[in-house]
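Trainee: Please pick one part of this model and go through it closely, with its neighbours.

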Amino acid sequence: MTASLQKLFSSFSNVFNIPLEIGGSRITLGNIINLILALIIVIFICRVLKDFLRNRLLPKLGIDEGNREAISTIISYSLGTLGFIAVLQSTGFNIASIAVIIGGLGVGIGFGLQDLTKNFVSGLTLLLEQKIKVGDFVEFDGLSGYVKMISLRSMVIRTREGGDIVVPNSNIIENRVLNWTYDGFLVGRIHLPIGVAYNSDPVLVTESLLQAAYMEPTVLQDPAPRVNFIGFGDNALNFELRVWIEPIDKAPDISSSINFLIEYCLRQQGIQIPFPQRDLWLRNPEVLFAGRQRRNVEQKYPQLTKDSNAIKSQKTLFVRDLLKQVIYFQNFTDIELRQLIEVGYRQRLHESEILFHEGNPGDAFYIVLSGAVEVFVEKIDKHLATLPAGNFFGELSLMLGIPRTASVRALEETILFVINDKGFKRILQEQPELSEVIIHELGKHQKELGERQKQLRAMGLVDRSEDDKNPVVWVRNRLKKLFSV
C-alpha cells in the first residue's frame with residue numbers, strides 16, 4: 001500500500017515537473033501554480049495597502065477624501081505592477097520573451113480590449129488631473145449623485161435615491177460633467193417660477209417672494225435672492241425667484257420648502273395664483289343673484305362674515321410703505337422701491353438679543369417689521385427709546401460710516417428689514433441721483449452733521465481729502481469715499 005502511494009506521488013511530481021517551452025523559457029506546471037499563488041498574494045497585499053493608505057495613514061496627514069482615493073489607488077497599482085514583474089522573474093519567466101509574444105498578439109487583442117484600454121487611460125487621467133474626486137457631487141447624462149469610488153476602469157456614483165451606478169471612466173472623460181463641488185463648496189443657484197393674477201401689485205409680489213426666500217435657512221444672503229419679471233402670460237404675470245442655496249445637492253427638498261413658503265406668503269398678502277379660466281359676463285346679474293340669497297347665507301354662517309371682516313381690518317406692514325416714510329426714499333417710484341427691497345434682507349432677533357453695541361461700525365440700516373427694539377446706553381444701562389414695528393433706525397450711521405452712538409436690543413421676538421453697506425452701495429451706483437437727494441436732506445441738519453464730523457475727527461476717521469468745514473461738502477466727499485459714487 002505504501003509503495004502504491006509513493007508511486008502515485010511520484011507520478012504527480014513528474015507531472016508538475018514536465019518542462020514547457022514558452023517564449024524561449026523553460027517552465028513547469030509547478031512554476032505556473034507558484035506564479036498564480038504569488039500573484040494572488042501580490043493582489044491581496046495591494047488591496048491591504050490601498051485600504052491602509054486611504055483609511056488610516058493619509059487621513060492622519062490631513063489629506064481630503066478625494067486626494068486620498070487618488071493617491072492610494074496610484075500607489076497600490078504601481079506597487080502591484082512592480083510586484084507582478086518581480087514574481088514573473090522569480091518564477092523563471094523571460095520578460096523579454098513574453099514581451100515579444102504580447103507584441104505579436106497585441107494587434108489582435110487590441111481590437112477586443114480597446115474599450116478596456118480606453119477606460120484604463122481615462123481612469124489614470126481622472127486620478128492624476130483631480131478634476132473629479134471622491135465625494136464630489138456631479139451631474140451628467142441625466143444622472144446626479146456623489147462620487148463614491150474611482151478605479152482605473154470605472155467610477156461608482158451614489159445617487160440621491162441611494163443606488164450605486166457604475167460608469168466607465170471613458171464616459172466621464174468624453175462627456176460634459178457638471179461638478180458642483182469643484183471648488184470645494186456645495187453652493188448653487190436654483191430658479192423657482194411663479195405666476196400671479198393680473199391685478200397683483202408687482203412690487204408687493206417681489207416683496208412676498210423675497211420674504212419667502214429669507215424664511216428658508218438654506219438660502220444665502222450673499223449673493224442675495226433676486227426676483228425677475230419674466231413676462232405676461234396668457235393667464236398670469238410670470239415671475240421667477242432666483243436664490244443661492246447651500247447645499248445644492250438638496251435642491252429638490254429646498255425647492256419644495258421654498259414653494260410652501262411662497263404659497264404661504266402670497267396667501268397672507270391676498271395675492272392669487274391664477275389658473276386657466278374664462279370670464280362670463282351677465283347683463284342682469286341681480287336677476288340671478290338676489291340680495292335675499294346673500295342675507296340667507298350671512299344668517300346661516302355668521303362666522304364667515306365675521307372672519308372676513310376681521311381679515312380686512314388687519315393692518316399689514318409692507319416694507320414698501322415703510323420705506324416711503326424714510327425721507328430719503330419718499331420720492332422713489334414703485335420700480336425704485338422694488339430695487340431697494342431686493343437688496344435688503346430679513347433678520348430675526350430673539351428676546352433680549354443684542355443687535356449691535358455702542359461703537360460698532362455703522363454698516364446697516366434697519367426697519368422694524370414686527371416686534372420691538374430698545375435703544376439704550378450700555379455703559380450706564382440708560383434707556384433712550386423704544387421702537388415698535390414701523391420704525392427705522394441706523395440710516396445716518398450707514399450713510400456716513402459713523403460708529404454707533406448707542407446699543408440696540410430686542411424686547412421680544414423681532415424681525416428687521418436690513419439694508420447693509422453692500423446693498424446700499426449697489427443702490428447708489430444704480431441710482432446716482434439718490435446721493436444728491438441724501439446730501440440735500442442731510443444738509444438741513446448742519447448742526448448735527450458738524451457734531452458727527454467732530455466725533456469722527458477726534459477718532460481719527462476723517463481723511464484730509466474729505467475733511468471740509470462745509471458739512472454738505474463733507475457729506476458729498478464721505479459718500480464718494482464710502483460708496484464710490
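Mentor: Two strands count as paired if DSSP finds at least two bridges between them, a strand being a DSSP run of E with at least two residues, numbered from the N terminus. The model is predicted, so local features need pLDDT of at least 70 and side-chain atom pairs count only at pLDDT 80 or more, while totals for chains, interfaces and linings use all residues. Residues are numbered from 1 along each chain as its sequence is written, and side-chain values use heavy atoms, with hydrogens and water left out.

The part to look at is strand 5, residues 154-159. On one side, strand 5 pairs with strand 4 (residues 143-150) in the antiparallel sense, over five bridges. Within this pairing, Val 156 of strand 5 stands opposite Met 149. The connection from strand 4 to strand 5 is a hairpin of three residues.

Strand 5 also pairs with strand 6 (residues 164-168), again antiparallel and over five bridges. Here Ser 154 has Pro 168 in strand 6 as its bridge partner. The hairpin of strand 5 and strand 6 has four residues between the strands, and Gly 162 in this hairpin takes a positive phi near 95°.

As for burial, five of the six residues of strand 5 are buried (under 20% relative accessible area, with a 1.4 Å probe and protein chains only). Strand 5 is therefore largely enclosed by the rest of the structure.

In short, strand 5 has antiparallel pairings with strand 4 and with strand 6, and hairpins join strand 5 to strand 4 and to strand 6.

Terms used
Buried < 20%, exposed > 50% of the residue type's maximum accessible area, 1.4 Å probe, protein only.
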